[in-house]
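Q: Hi! I'm new to this one, could you walk me through it?

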Amino acid sequence: MKSSIFITRKLPDEIVKSLEQHFDIKMWEEEDTPVPRSVLLRETKDVEGIYCLLTDTIDEEVIEGAPHLKVISNMAVGFNNIDIGAAEQRGIVVTNTPGVLTETTADLTFTLLMSTARRIVEASDFLRNGNWDTWSPMLLTGQEIHGSTLGIIGLGRIGEAVARRARGFGMDLLYYNRSRKTEKEEELGIQYRELHELLKESDFVCVMIPYSPHVHHFIGKDELALMNKEAILINTSRGGIVDEEALYEALVNKQIWGAGLDVFEEEPVSADHPLLSLPNVVTLPHIGSASVKTRLQMAQLAADNIIHVLNDKSPLTPVNS
Ligand code: GLV
């Protein structure tokens, strides 16, 4: 008999087909609406596998309600939506999709950095709104990118990929990481700094750490106060790492110059979110890994992880042992 799995969102046909060869599938058929909690709880009761997205909270209630569950496969590199402890207690394998999205997410991070520094969205709106009367010396002037200092908080895979891009732009590189990575320092031409030093010295501060409750509001009022007035904060990791209220205050009070945000504390954000009202903030709807190729690779890797585990093979990219 085939194992059964629940997929929490409509996936591209080719991915569904690859799963159908192995499993009895139930899938939440909507592309743009997350599965309601009651449906998630009902549909996962008898399954061996859950294929989920970062929008699904897979907590103790879901895990305890699914006695046959063997694998939870997240189509994301971040997995803070899953209660890893509860899964581990039950011997359930949890997998994510690292690697395939590294370069794409670094591209987006650098895009956001450049767009914020050079006021790209504001400039485009300015033109579209019919405000362009003449070229003028200081019109829409931004911050220098080449020759400036980039401070990367969290030198993981994506942090490193951002560092490589920044080198190409002639930036000076600093990083802060829980553990120092001396072997990377020469390879990437990057220097270690304690967090407070990095915040003081950087023109761009790029937040690249995974979210856990330990790093909730890791960048708050005190950290923002250390940054310089021309500095820009970029966050493409998880919203909860930055205290949004403190960031809003720092931006309004011109304590820092700007921010580029792909992620928010509560997603999705509505159009009346205070940070969206500020011209010196570039905001995106969590699209770090959103190229066609990468999203398909992530979807396939998440599928392959379930296929492996439910066929008694080792998972390709487990997050727990
Ligand atoms: C996206 O944010 C991911 O974690 O893959």
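Q: Which residues are around the ligand?
A: Happy to help! This is a predicted model, where local features need pLDDT of at least 70, side-chain atom pairs count only at pLDDT 80 or more, and totals for chains, interfaces and linings use all residues. Residues are numbered from 1 along each chain as its sequence is written, and side-chain values use heavy atoms, with hydrogens and water left out. Around the ligand you'll find L54, A76, V77, G78, L101, R238, H286 and M298, each with a heavy atom within 4 Å of it.

Q: How does that shell divide into nonpolar, polar and charged?
A: Five are nonpolar, two polar and one charged. Here Ala, Val, Leu, Ile, Met, Phe, Trp, Tyr, Cys and Pro count as nonpolar, Asp, Glu, Lys and Arg as charged, and the others, Gly among them, as polar.

Q: And what lies 2.6 Å from a ligand oxygen?
A: That's a polar side-chain atom of H286. R238 also has a polar side-chain atom 2.7 Å from a ligand oxygen, while V77 uses a polar backbone atom, 2.8 Å from an oxygen of the ligand.

Q: How much of the ligand does the protein cover?
A: On its own the ligand has 190 Å² of accessible area, and the protein covers 89% of that (Shrake-Rupley method, 1.4 Å probe).

Q: Switching topic: which domains does the chain have?
A: Domain 1 is 3-100 + 292-310, and domain 2 is 102-283; the bounds come from an automatic or database domain assignment. Their centres, taken over C-alpha atoms, are 32 Å apart.

Q: How many residues are in contact there?
A: Seven of domain 1 and five of domain 2, with contact meaning heavy atoms within 4.5 Å.

Q: How many salt bridges between domain 1 and domain 2?
A: Zero, counting a side-chain nitrogen of Lys or Arg within 4 Å of a carboxyl oxygen of Asp or Glu. On its side facing domain 2, domain 1 has three nonpolar, four polar and no charged residues.

Methods. A polar contact is a pair of N or O atoms within 3.5 Å; within protein, one must be able to donate a hydrogen and the other to accept it, and residues adjacent in sequence count only if both atoms are side-chain atoms.
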